[in-house]
Amino acid sequence: MCDYNVFPGPMKFYGPTSQNYDFDLGPIMVNDWLHAPASSLYYLELEGTPPVPSSILMQGQGIYMCQLGEPCIQRTNYYTVNFTAGTTYKMSLINSGTDTQLTFWLQAHSFTVVGTDFVAIEPYVTDTINIAVGMFRSMM
């Protein structure tokens, strides 16, 4: 039996960061969530039409309202972080999904990307982060 309330999290190996920061939020996992058994979705992959996720989760939390007669676990909360103005936060986003490239942004905010897949890079500023499946991005 699977306990859906357990969110074990990733193992993080700390590598170089090309800029200083005040607080490290640690690894933040984002992923797609398909509300159907993998065995029922397998044939869609073979046909070249991958299934569309029912929801997107961040740190195992997200919104999904069950349809009448549909067996599922209803989730009605979001993952939240409270930020303090003037503080620089390091975020390490990991796409732990199955088949969905994800796009991450915070409204009216830009990021300085300082690493990709544990490699320090020349920092660049952007307001949108694209994260492929299995990709790891560090930003501030």
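A contact here means heavy atoms within 4.5 Å, and the views below come from a predicted model.

**Figure 1. Contacts and fold of the whole chain.** Among contacts between residues at least 6 apart in sequence, 58% join residues at least 24 apart. The secondary structure comprises one helix and 10 strands. Follow the sequence along and you will meet them in the pattern β-α-β-β-β-β-β-β-β-β-β.

**Figure 2. Surface and interior of the chain.** Of the 140 residues in the chain, 34% are buried. The chain exposes about 9,100 Å², and carbon and sulfur atoms supply 56% of that area.

**Figure 3. Close-up of Tyr-42 and Tyr-43.** Searching the whole structure turns up four aromatic pairs. In the pair shown here, the ring centres of Tyr-42 and Tyr-43 are 5.2 Å apart and the planes stand at 75°, so the arrangement is edge-to-face. Tyr-42 has a relative accessible area of 47%, so this residue counts as partly exposed. Tyr-43, with a relative accessible area of 55%, is exposed, because the cut-off for exposed is over 50%.

**Figure 4. Close-up of Phe-83 and Tyr-89.** Here is another edge-to-face pair: Phe-83 and Tyr-89 lie 4.9 Å centre to centre, with 80° between the planes. Phe-83 is partly exposed, with a relative accessible area of 42%. Tyr-89 has 13% relative accessibility and therefore counts as buried, the cut-off being under 20%.

**Figure 5. Close-up of an aromatic cluster.** Take a step back from the previous pair and bring Phe-23 into the picture: Phe-23, Phe-83 and Tyr-89 form one aromatic cluster. Within this cluster, Tyr-89 is buried, whereas Phe-83 is partly exposed.

Notes:
Residues numbered from 1 in each chain as written. Predicted model: local features only at pLDDT ≥ 70, side-chain atom pairs only at ≥ 80, totals over all residues. Heavy atoms only, no water. Helix = DSSP H or I, 4+ residues; strand = E, 2+ residues; numbered from the N terminus. Buried < 20%, exposed > 50% of the residue type's maximum accessible area, 1.4 Å probe, protein only. Areas by Shrake-Rupley, 256 points an atom, 1.4 Å probe, with all protein chains shown as cover. Phe/Tyr/Trp six-rings, centres within 6.5 Å; stacked < 30°, edge-to-face > 60°.
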